[in-house]
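Trainee: I have just opened this model and feel a little lost in it. Could you take one part and walk me through it closely, then show me how to read a few other spots in the same way?

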Amino acid sequence: MRMTVLASGSKGNSTVVASANTRLLIDAGLSCRELLKRMALAGEDPAALDAILITHEHQDHVAGLATLARRLRIPVFITEPTHREWVRIVTPRTTMTYAQWLDHLAQERAQTDERAQKAELAQRDAEAASGPVATAQLDAAPSESQVSDTGLNSDDLEEDAPATAPKPDPAYLPSVQYFHSGTNFCIGDISITPFTIPHDAADPCGFVFESRSESVRMAVATDLGYMPPNVKSALRRVDVLLLESNHDLEMLRDGPYPWAVKQRVLSRVGHLSNHATAEFLARDYDGTATCIVLGHLSEANNAPELALISAEQALGGRMTLLGNRILLAQQSSPLGPISL
């Protein structure tokens with residue numbers, strides 16, 4: 001199996017997980033053009049992708065979803081609540097102030113009155129035109145056969161102006177497949193186990209991927225406010241682990257974010273700090289992964305060196321884990337493929 005992190009951070013997230021016969025894209029948080037560019041840089045062929053999997057509906061995970069799925073014509077695997085919320089977000093909505101609403105009502109009343117006046121005038125004209133003159137006019141009117149002889153048809157007589165092409169539906173996807181957290185499913189020769197994560201989204205999840213032929217397991221767990229028991233259990237016996245290490249606590253508290261945003265990040269449905277990630281690695285991580293990738297690092301509230309030192313110190317006290325390799329996923333460029 002192979003994992004290639006195309007981008008990871010607050011500005012966009014996307015990862016390719018591939019086996020010998022199946023290629024999956026987890027999240028599409030960059031524009032379609034940028035995703036194709038990153039795949040080319042990483043040596044991944046977009047045309048070979050079999051499906052897109054979505055963890056949750058936040059913009060940094062779905063920015064290029066619709067365009068990429070339509071361009072490649074591949075199915076999107078997503079939970080029903082996440083899909084419903086994504087459709088709500090991307091569907092244009094019209095809002096108005098109270099004053100605008102009153103103006104709208106006044107315009108509707110004026111249009112209704114105008115239509116009524118026109119109907120009344122038309123009725124009066126029809127009554128005035130009744131009699132011999134009307135009969136003569138009917139006799140002079142061309143028959144259907146005469147009209148057809150001129151080369152015109154009913155469509156030509158109705159409207160000369162070309163019809164305006166309808167705008168494409170922004171929520172259209174070629175194929176949508178629903179899955180449920182906790183229920184295993186397969187795409188090609190990759191077995192997938194989604195698990196619920198604590199984050200402020202409709203139905204967020206992480207994934208464990210297992211090659212059915214090679215018995216290699218890879219996991220993606222980012223965007224979680226803390227490490228609940230179900231996540232700790234899901235991350236056991238994995239060979240490659242992409243794990244969030246979002247912020248340094250002191251940098252976040254002293255950083256530029258508004259206080260409300262800081263509270264959100266620090267909450268139990270926010271993001272994992274370096275300290276929380278290190279605590280998991282020191283206490284609950286079983287040490288089976290050949291490679292740990294630290295992802296979703298905040299550019300404003302973290303430093304790569306701080307995240308790396310924190311994780312290395314957490315593993316350094318456990319001598320049996322010194323063989324673990326720790327890598328940092330980047331926002332600006334793809335990480336080299338990790339193959340097992």
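Mentor: Happily; here is a walk around helix 12, followed by some other places to visit. Please keep in mind throughout that this is a predicted model.

Let's begin with the whole chain for orientation. The chain has 340 residues, and 43% of them are buried. Its secondary structure amounts to 13 helices and 14 strands. If you take the contacts with a separation of 6 or more, 68% of them join residues that are 24 or more positions apart.

Now to helix 12, which spans residues 274–283. Which of its residues are buried? They are N274, T277, A278, F280 and L281. Try looking around the axis: these residues cover an arc of only 160 degrees, so they sit on the same side of helix 12. Turn to the face pointing away from that buried side, and you will find the exposed residues H275 and R283.

What do the buried residues of helix 12 pack against? Their partners are helix 9 (229–234), strand 11 (240–244), strand 12 (291–295) and helix 13.

Let's stay with one of those partners, helix 13, which covers residues 304–316. Two packed helices are described by the angle between their axes and the distance between the axes. Here the axes of helix 12 and helix 13 come within 8 Å, and they cross at roughly 20 degrees. An angle under 35 degrees counts as roughly parallel, and that is why helix 12 is called roughly parallel to helix 13. The crossing of helix 12 past helix 13 is right-handed. From helix 12, the contact uses N274, H275, A278, L281 and A282, while helix 13 brings L306, A307, S310, A311, A314 and L315. Sorted by class, the residues of this contact are eight nonpolar and three polar, with no charged ones. Notice N274, A278 and L281 in particular: they are among the buried residues of helix 12, and they also take part in the contact with helix 13. H275 joins that contact as well, although H275 is one of the exposed residues of helix 12.

You can read helix 1 (residues 32–42) with the same eyes. Its buried residues are C32, L35, L36, R38, M39 and A42. Seen down the axis, they fall within an arc of 160 degrees, so they line one face of helix 1. On the other side, R33, A40 and L41 are exposed. The cover over the buried residues of helix 1 includes strand 1 (2–7), strand 2 (14–18) and helix 3 (65–72). Helix 1 and helix 3 pack with their axes 8 Å apart, at an angle of about 65 degrees. In this pairing C32, L35 and L36 of helix 1 meet T67, L68 and R71 of helix 3. By class, that contact has four nonpolar residues, one polar and one charged. Just past the end of helix 1 comes G43, with a positive phi of about 80 degrees.

Next, go to the loop between strand 10 (217–221) and helix 9, where you will find D223. Is D223 buried or exposed? D223 counts as buried, at 1% relative accessibility. Setting aside neighbours within four places in sequence, D223 is in contact with H56, D60, H61, I197, P198, H199, E244, G270, H271 and H296. Of these, I197 is 26 residues away from D223 in sequence, with 7.8 Å between their C-alpha atoms. Most residues other than glycine have a negative phi. Against that background, look at the phi of D223, which is positive and near 60 degrees.

R237 offers a nice pairing with it. The phi of R237 is also positive and near 60 degrees, yet R237 counts as exposed, at 56% relative accessibility. You will find R237 in the loop between helix 9 and strand 11.

One last stop is V90, in helix 4 (residues 80–90). V90 is partly exposed, with a relative accessible area of 26%. Leaving out neighbours within four places in sequence, V90 is in contact with P170 and A171. V90 and D169 are 79 residues apart in sequence, while their C-alpha atoms are 9.4 Å apart in space.

Terms used
Residues numbered from 1 in each chain as written. Predicted model: local features only at pLDDT ≥ 70, side-chain atom pairs only at ≥ 80, totals over all residues. Heavy atoms only, no water. Axes fitted to C-alpha atoms, helices over the stretch in contact; angles between N-to-C directions. Helix = DSSP H or I, 4+ residues; strand = E, 2+ residues; numbered from the N terminus. Parallel < 35°, antiparallel > 145°, perpendicular 65-115°, else oblique. Left-handed = near helix turned anticlockwise from the far one by under 90°. Contact = heavy atoms within 4.5 Å. Nonpolar A, V, L, I, M, F, W, Y, C, P; charged D, E, K, R; others polar. Buried < 20%, exposed > 50% of the residue type's maximum accessible area, 1.4 Å probe, protein only. Arc of directions from axis to C-beta.
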